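Colleague: Hi, I'm new to this one. Could you walk me through it?

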Amino acid sequence: MIIFLNNEPIDLPKEIETVKDLVSWKEIPQQGTAIAINDKLVTQRLWPVTSLKENDHVTVISAAFGG
């Protein structure tokens, strides 16, 4: 399945079905991270049950900390 991750096409392995799967596979830190699918925010508690679909546009924003 092809999705767009931060505007870059990516071919997902068959076992990647949910936002949580994607976060684990790409080793995206969960703390301080926001994810939107097709411009709609997906709260962290919904990551395990939010399915990814062909041609979804997934935006990942991670907060940076420091001085």
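## A first tour

Modeller: Happy to! Let's begin with Asp39, which is found in the loop between E3 and E4. Keep in mind that this is a predicted model.

Colleague: Is Asp39 buried or exposed?

Modeller: Asp39 counts as exposed, because its relative accessibility is 75%, and the cut-off for exposed is over 50%.

Colleague: And what is the phi of Asp39?

Modeller: Phi is near 70° there, so we have a positive value in a residue other than glycine. As a general rule, most residues other than glycine have a negative phi.

Colleague: What about Glu27, what is its phi?

Modeller: Glu27 is not a glycine either, yet it has a positive phi of about 55°. You'll find Glu27 in the loop between H1 and E3. Glu27 counts as exposed, with 71% relative accessibility.

Colleague: What does Lys26 touch, leaving out residues up to four places away in sequence?

Modeller: Lys26 touches Leu5 and Ile10 on that count. Lys26 is also in the loop between H1 and E3. At 38% relative accessibility it counts as partly exposed.

Colleague: Let me zoom out. How many helices and strands does the protein have?

Modeller: There is 1 helix, along with 5 strands. Reading from the N terminus, the order is β-β-α-β-β-β.

Colleague: What radius of gyration does the protein have, and why does that agree with a compact globule?

Modeller: The protein has 12 Å, and a compact globule with 67 residues would have a radius of gyration near 11 Å, so the two agree. If you prefer a box, the C-alpha atoms fill one of roughly 40 × 25 × 20 Å along the principal axes.

Colleague: How far along the chain do the contacts reach?

Modeller: Take the contacts between residues at least 6 apart in sequence: 50% of them join residues at least 24 apart.

Colleague: Nice. What share of the residues is buried?

Modeller: Buried residues come to 31% of the 67 in the protein. On the outside, the protein exposes about 4,700 Å², with carbon and sulfur atoms supplying 53% of that area.

Colleague: How many positive and negative side chains are there?

Modeller: The protein has 6 positive and 9 negative ones, and the centres of the two sets lie 8 Å apart.

Colleague: Now the inside. Which residues touch the most other members in the largest nonpolar core?

Modeller: That core has 16 residues, and the ones touching the most other members are Leu12, Val19, Leu22, Ile35, Leu52 and Val58. Strand E1 (2-5), helix H1 (19-25), strand E3 (33-37) and strand E5 (57-62) each supply at least two residues of the core. H1 gives the largest share, with 3 residues.

Colleague: Where does Leu52 lie?

Modeller: Leu52 is in the loop between E4 and E5. Its relative accessible area is 7%, so it is buried, as the cut-off for that is under 20%. Not counting residues up to four places away in sequence, Leu52 touches Met1, Leu12, Ile16, Glu17, Thr18, Val19, Leu22, Ile37 and Val58.

Colleague: Val58 turns up in that list. Where does Val58 lie?

Modeller: Val58 lies in strand E5. Val58 counts as buried, with a relative accessibility of 1%. Setting aside neighbours within four places in sequence, the contacts of Val58 include Ile3, Phe4, Leu5, Leu22, Ile35 and Leu52.

Colleague: And what does Ile35 touch, with residues up to four places away not counted?

Modeller: Among its partners are Val19, Val23, Leu41, Val42, Trp47, Val58 and Val60. Lys40 and Thr59 are touched by Ile35 too.

Colleague: One last stop: where is the place of Thr43?

Modeller: Thr43 is in the loop between strand E4 (40-42) and E5. With a relative accessible area of 37%, Thr43 is partly exposed. Thr33 is 10 residues away along the chain, and the C-alpha atoms of Thr43 and Thr33 are separated by 9.8 Å.

Colleague: How far apart in space are Val58 and Gln44?

Modeller: They are 14 Å apart, C-alpha to C-alpha, and 14 residues apart in sequence.

Colleague: Thanks, that gives me a good place to start looking!

Conventions
Residues numbered from 1 in each chain as written. Predicted model: local features only at pLDDT ≥ 70, side-chain atom pairs only at ≥ 80, totals over all residues. Heavy atoms only, no water. Core = buried A, V, L, I, M, F, W, Y, C linked by side-chain atoms within 4.5 Å. Buried < 20%, exposed > 50% of the residue type's maximum accessible area, 1.4 Å probe, protein only. Helix = DSSP H or I, 4+ residues; strand = E, 2+ residues; numbered from the N terminus. Contact = heavy atoms within 4.5 Å. Rg over C-alpha atoms; globule rule 2.2 N^0.38 Å. Areas by Shrake-Rupley, 256 points an atom, 1.4 Å probe, with all protein chains shown as cover. Lys, Arg positive; Asp, Glu negative; His and termini not counted. Charge placed at Lys NZ, Arg CZ, Asp CG, Glu CD.
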